[in-house]
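Me: I'd like to go through this structure with you, a few questions at a time. Could you show it first?

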Amino acid sequence: MIGLVALVVALAVFVGLVFLAITLLRIAGVMLVQWRDLISVDRWLEVLDTIRRNKLRTALTMISVAWGIFVLVFLFGLGKGLDRGLRTTFAREATNGIWIFARKTTIPHNGYDIGRKITFDNRDYERAKTVKLPGPNGQGIDHLSGQYYIHGDSFGGGTMMTRRNNKANAFQINAVHPDAFYLTQSKIDAGRFLNADDIAQHRKTVVIGEAVRSFLFEPDENPIGEWITIASVASLSATTTTASSSGAGSGSGSATTAAAAAPEISGGVPFQVVGVFSDPAGAEEERQIYIPVSTAQLSFNGADHLGALQMTVGTANAAEAKQISDLIVAQLAERHQFDPKDPMAARVHSNVEGFERFSKLFWMISTFVVVIGLGTLAAGVVGVSNIMMIAVKERTKEIGVRKALGATPSSIVAMIIQEAVFLTGLAGFFGLAAGVALLEVVSRNVENEFIKNPAIDLKVGILASLGLVIAGALAGFFPARAAARVNPINALRDQ
């Protein structure tokens, strides 16, 4: 039954499109034959005179068309702003990323009580590499990284300080594998990211964000090859004092600055800067530091522990991404003795599911916006068509005189279409300008994390203008066709 309804709808749409295409071809043929009228001063003076003699009717018609295009443009611009806001929200992380965090059990399992803390390790990282969906072309993991949280801080860096010379601050410290780079939207501005040799050789290398570079280094100073120190707060000398730095580019937040000479940090670990990155999400994401996970485990008493596994899953959809994460969770549950259905023991965060869910929601919003806008515009165009029908009725005798004097049906049709297109185009221009102006006001005053730069681009403006011309031509064609069929003798007798 559903298939039959879909077939009928598709057939109706196809017939409608064919009818529209034929109508537009007929209009184009008429206008090509009567192209001289388009540049005729007399014809344009006649159009303007007709408008002048019907000011109120013309004004009301133009208002309806202008309102339609205004609503369409404004709603479409807001929709684009929502789309940009959605993409900005996900810009901090890869849209095909999955994170699995080690937490505490909430379901008893095999004699173990609830509240038991789960800790991943390097073997879990190696086993996760083998996960792949069944089938010859089954989707697997593209990029995989483990993460060790120094001092158990899952937000990385609250108990650690990063220092160079007399400057120190608490930045987010990420102890990861090289593939962690693919789970961000960051871009390397100088040097490189971590590599396999850094992990294998336990190198003391570090990659810093632009905000970290701005805070620890002078503007004209090249950080590549320089050394910074990472240490716990307890290791800092008591002679340091806390100050506040201003501006995101300067590493906004609390900072420690020496009152006099820079004190030494006992127990700190020096790291050599090998890269600097920037991030489209802004300064907050650039207040991060990446170090090799193997070096962090060795230097900060991490043994082989990991606090999370993070990965990208290529082009997998939400269902496939969930299957992959379920397989990994099953592996972890087997090794660490917890129920695989426990949602908190190994907590999964999937950007694939989130992005797909938000994309569907945005598609629904966009469809609603377009339907409402087109419906409003269609109402205005129907109004133009009705007005042109009334105008044709009022000018029946005039049209009869024209035909009696030798005017061809195509010239009558072209005259009516020209007037309709002029009215629709002029009204549409005002509506388009008003919509763009209001979007600019909203963009400057109402922008937030949900709506980013609500505006339409040049392509949309051109398509809207072209749509107005087509709508105006269609609005005038059917009344014009009726006018072209007027019998001159009957028209001259019309009272």
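Reply: Here are some answers on the overall make-up, one helix, a helix pair and a few single residues.

Me: Before anything else, what kind of model is this, and how are things counted?
Reply: This is a predicted model, in which local features need pLDDT of at least 70 and side-chain atom pairs count only at pLDDT 80 or more, while totals for chains, interfaces and linings use all residues. Residues are numbered from 1 along each chain as its sequence is written, and side-chain values use heavy atoms, with hydrogens and water left out.

Me: How many helices and strands are there in the protein?
Reply: The protein has 15 helices and 16 strands, taken as DSSP runs numbered from the N terminus (H or I of at least four residues for helices, E of at least two for strands).

Me: And how much of it is buried?
Reply: Buried residues make up 45% of the 495 residues, where buried means under 20% relative accessible area, exposed over 50% and partly exposed in between, with a 1.4 Å probe and protein chains only.

Me: Let's move to α10. What should its 19 residues span?
Reply: At 1.5 Å a residue they should span 27 Å, and the end C-alpha atoms are 26 Å apart, which agrees; the expected span is 1.5 Å times one less than the number of residues. The buried residues of α10 include Ala318, Ala321, Ile324, Ile328 and Leu332.

Me: What caps the N-terminal end of α10?
Reply: Asn317 does, with a side-chain oxygen 3.1 Å from the backbone nitrogen of Ala319.

Me: Which residue follows α10?
Reply: That is Gln337, which has a positive phi of about 55 degrees although it is not a glycine. Most residues other than glycine have a negative phi. Gln337 lies in the loop between α10 (318-336) and β16 (346-350), and at 28% relative accessibility it counts as partly exposed.

Me: What does the side chain of Gln337 join up with?
Reply: A polar contact of 3.0 Å joins it to the side chain of Asn110. A polar contact is a pair of N or O atoms within 3.5 Å; within protein, one must be able to donate a hydrogen and the other to accept it, and residues adjacent in sequence count only if both atoms are side-chain atoms. Asn110 also has a side-chain polar contact of 3.3 Å with His109.

Me: Where does Asn110 sit, and is it buried or exposed?
Reply: Asn110 is in the loop between β1 (97-102) and β2 (120-121), and it is exposed, with a relative accessible area of 57%. Its C-alpha atom is separated by 7.8 Å from that of Phe338, although the two residues are 228 apart along the chain.

Me: Changing topic, at what angle do α13 and α14 pack?
Reply: Helix α13 (residues 409-445) and helix α14 (residues 458-484) pack at about 145 degrees, with their axes 7 Å apart; axes are lines fitted to C-alpha atoms over the stretch in contact, and angles run from 0 to 180 degrees between N-to-C directions. The contact, meaning heavy atoms within 4.5 Å, includes Ile412, Ile416 and Phe429 of α13 and Leu468, Val469 and Phe477 of α14.

Me: One last residue, Glu210: where is it, and is it buried or exposed?
Reply: Glu210 is in helix α7 (residues 210-216) and is buried, with a relative accessible area of 18%. Its side chain makes a polar contact of 2.9 Å with that of Arg213.
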